[in-house]
Amino acid sequence: MKYLYYPGCSLKSSGKHYEISLLAVLQKLGIEVEELENWNCCGATNYMSINENYALEITARNLGIAEKQGGDEVIVPCAACFMGFLKTQKYMESESGIRDRVNQILNHSGLSYNGKVQIRHPLDLLVNQLGADALTRTVEMPLKDLKVASYYGCQLIRPYATFDDQWNPHTMDDIARAMGATPVDWPLKSRCCSGSMTSTMTDIGLRMNYVILKEAKSRGADVIITACPLCQFNLECFQGKISRKLKDDVRIPVMYFTQLMGLAMGIPAKKLGLKQMLSPSLVLN
Amino acid sequence: MNASSSEILTQGLTVKLEADLDKNFGETIAREAHGEKLFGCIQCGNCSAACPLSVWMDYTPRKVIAMVRAGFKQEVLSNRTVWLCASCYQCTVECPKGIKITDVMYALKREAIENKIYPKNFPVPILARTFYSEVKRTGRINEIFLLTNYYLRYNIFKMLGYASLGVRLFMKRRLSLFEKGMTNRKEFRSMLNQ
Ligand code: SF4
Ligand code: SF4
Ligand code: SF4
Ligand code: SF4
């Protein structure tokens with residue numbers, strides 16, 4: 001099985017610690033990945049809001065490259081990219097007009113997408129393919145007594161993803177449990193964090209993140225784990241501002257699920273990007 | 001928006017004479033949204049209840065659907081409501097009639113951009129358009145360039161509020177001025193011009 005890897009822009013900048021920790025964990029599990037050559041931005045919600053043709057074309061270009069590079073599966077860790085990939089695949093599969101038009105344009109660059117490469121989120125790969133038992137066997141330092149709130153956000157699990165339960169997702173909780181931690185049950189697991197509204201409609205964006213942080217804290221969580229660079233950024237980088245503005249201390253460590261895994265698997269902090277965090281980091285004893 | 005003589009605003013409701021409505025609007029949007037069955041909407045309000053942003057919207061998602069199919073083109077497209085949609089797909093998975101409201105919102109955003117009647121000083125479409133041209137320019141997003149250009153177009157003074165966060169991220173090497181971009185940008189750009 002040849003795994004390709006599409007990082008997307010965020011994992012190369014503000015979400016660097018997601019990439020670092022993901023690659024460290026995969027390496028420890030013996031999974032090799034090959035980065036997609038010359039990939040481009042997936043366009044996220046912005047391209048869809050302006051020009052649907054372009055949105056589909058630029059994502060299809062990445063899928064075309066994956067097919068040319070000869071992978072069986074492409075791993076897409078960012079929730080927004082992952083959803084965009086699935087959406088493009090779905091449209092190309094179900095509407096022949098779109099498929100033909102997009103492929104005609106890709107042809108100019110010697111590419112085409114025919115649905116051969118499968119799109120995978122790392123959570124799917126780790127939980128559904130490797131399985132929780134296999135993960136447990138890699139644990140060197142069980143995260144005993146650690147209460148974890150898994151935050152899935154929106155686009156990771158709906159509307160197209162099938163690897164988890166849309167209504168009550170559990171793959172990150174499965175991972176937390178496999179690492180010896182205790183998942184907390186909370187109702188805001190998949191409530192939207194407002195995406196980039198923290199920069200555009202600041203008051204709304206901050207309030208939406210406040211609700212999530214507050215709920216996780218009041219359920220007794222020690223840490224929130226995420227699987228999306230934008231969710232992680234919002235919850236981590238704005239928690240100080242939110243606490244000050246709304247006069248309520250909602251600060252709490254917010255890390256990627258891969259960083260949590262790495263800690264339990266005994267991977268050194270340096271290889272998990274923990275030094276690049278702004279929120280209080282998790283201290284293990 | 002120019003209120004036409006036949007338009008009366010009463011208690012937040014826009015009332016129009018039938019002759020002033022854009023009768024094809026519903027059909028156009030339904031088509032643009034890949035054949036969404038807007039006309040099958042039963043106005044149950046599940047979408048509005050599920051939407052985490054509806055409390056800040058001028059028209060709730062249910063109302064947007066009703067206005068679109070009735071032909072309130074100008075009102076819907078010039079309003080900020082659709083730009084408050086964060087594409088979280090909660091409404092879409094909750095709709096008992098299987099209407100993909102998120103895709104309808106996308107179709108409305110595109111229609112507003114195309115007709116140039118989106119709210120001009122509203123930050124969300126400004127960010128979307130900046131993002132759009134940044135990707136076209138380099139193929140990837142560099143967050144420093146994206147945000148700088150966004151604030152230049154929107155309101156440069158607002159950027160100051162983020163300066164300290166920016167510096168802290170920069171020190172942590174989570175922002176960089178020298179991201180490795182794509183190598184064949186020309187080919188990428190020509191793809192977007194076809
Ligand atoms: S998630 Fe955003 S930044 Fe990342 S590749 Fe997609 S569009 Fe670009
Ligand atoms: S939760 Fe927020 S960042 Fe994550 S996918 Fe949804 S809007 Fe995007
Ligand atoms: S949930 Fe569906 S049927 Fe109900 S009001 Fe919204 S769009 Fe109409
Ligand atoms: S997709 Fe948009 S309209 Fe639907 S629930 Fe989310 S924010 Fe509201």
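So, chain B: of its 194 residues, buried ones make up 49%. Keep in mind that this is a predicted model. The make-up of chain B is eleven helices and two strands. If you walk along from the N terminus, you get β-β and then a run of helices to the end, β-β-α-α-α-α-α-α-α-α-α-α-α. As for the contacts in chain B with a separation of 6 or more, 60% of them come from residues 24 or more positions apart.

Where does the domain assignment divide chain B? Domain 1 covers 7–115 and domain 2 covers 123–192. Between the C-alpha centres of those two domains of chain B there are 30 Å.

Let me stop at one residue in the second of those stretches. B:R185 sits in helix 11 of chain B, residues 185–191. Buried or exposed, or in between, for B:R185? Its relative accessibility is 31%, and buried would need under 20% while exposed would need over 50%, so B:R185 counts as partly exposed. Once you set aside neighbours within four places in sequence, B:R185 is in contact with B:R137 and B:T138. B:P125 is 60 residues away from B:R185 along the chain, and their C-alpha atoms are separated by 25 Å.

Okay, chain A. Here the assignment gives domain 1 as 3–122 and domain 2 as 140–274. The C-alpha centres of these two domains of chain A are 24 Å apart. In terms of contacts, 27 residues of domain 1 of chain A meet 25 residues of domain 2 of chain A. Together the two domains of chain A bury about 2100 Å², with 74% of that on carbon and sulfur atoms.

Now put the two chains together. How many residues of chain A are in contact with chain B? It's 65, and they touch 53 residues of chain B. The area the two chains bury between them is about 5400 Å², and 60% of it is on carbon and sulfur atoms. A:Y47, A:I50 and A:L278 supply 12% of what chain A buries against chain B, more than any other three residues.

One residue I'd like to show you in that context is A:Q155. You'll find A:Q155 in the loop of chain A between strand 5 (147–151) and helix 8 (171–178). Why does A:Q155 count as buried? Because its relative accessibility is 9%, and the cut-off is under 20%. Beyond its neighbours within four places in sequence, A:Q155 has contacts on both chains: A:T45, A:A79, A:A80 and A:M83 on one, B:A86, B:S87 and B:Y89 on the other. With B:S87, the side chain of A:Q155 reaches the backbone oxygen at 2.8 Å.

A:Q155 is also one of the residues around ligand 2. The others there are A:Y151, A:G153, A:C154, A:C192, A:C193, A:G195, A:C228, A:L230 and A:C231. By class, that shell around ligand 2 has seven nonpolar residues, three polar ones and no charged ones.

A:C231 from that list takes us to helix 11 of chain A, where A:C231 is among the buried residues. This helix, 229–237, is mostly covered, with eight of its nine residues buried.

Last stop, ligand 3, over on chain B. Around ligand 3 you have B:C41, B:I42, B:Q43, B:C44, B:G45, B:N46 and B:C47, then B:R62, and then B:C95, B:P96, B:K97 and B:I101. Which classes make up the shell around ligand 3? Seven nonpolar, three polar and two charged residues.

How values were computed:
Residues are numbered from 1 along each chain as its sequence is written. Chains are lettered from A and ligands numbered from 1 in the order in which they are written. This is a predicted model: local features need pLDDT of at least 70, side-chain atom pairs count only at pLDDT 80 or more; totals for chains, interfaces and linings use all residues. Side-chain values use heavy atoms; hydrogens and water are left out. A residue is near a molecule or strand if one of its heavy atoms lies within 4 Å of it. Ala, Val, Leu, Ile, Met, Phe, Trp, Tyr, Cys and Pro count as nonpolar, Asp, Glu, Lys and Arg as charged, and the others, Gly among them, as polar. Helices (H or I, at least four residues) and strands (E, at least two) are DSSP runs, numbered from the N terminus. Buried means under 20% relative accessible area, exposed over 50%, partly exposed in between (1.4 Å probe, protein chains only). A polar contact is a pair of N or O atoms within 3.5 Å; within protein, one must be able to donate a hydrogen and the other to accept it, and residues adjacent in sequence count only if both atoms are side-chain atoms. Contact means heavy atoms within 4.5 Å. Domain bounds come from an automatic or database domain assignment. Buried area is the accessible area (1.4 Å probe) that two parts lose on being put together, summed over both.
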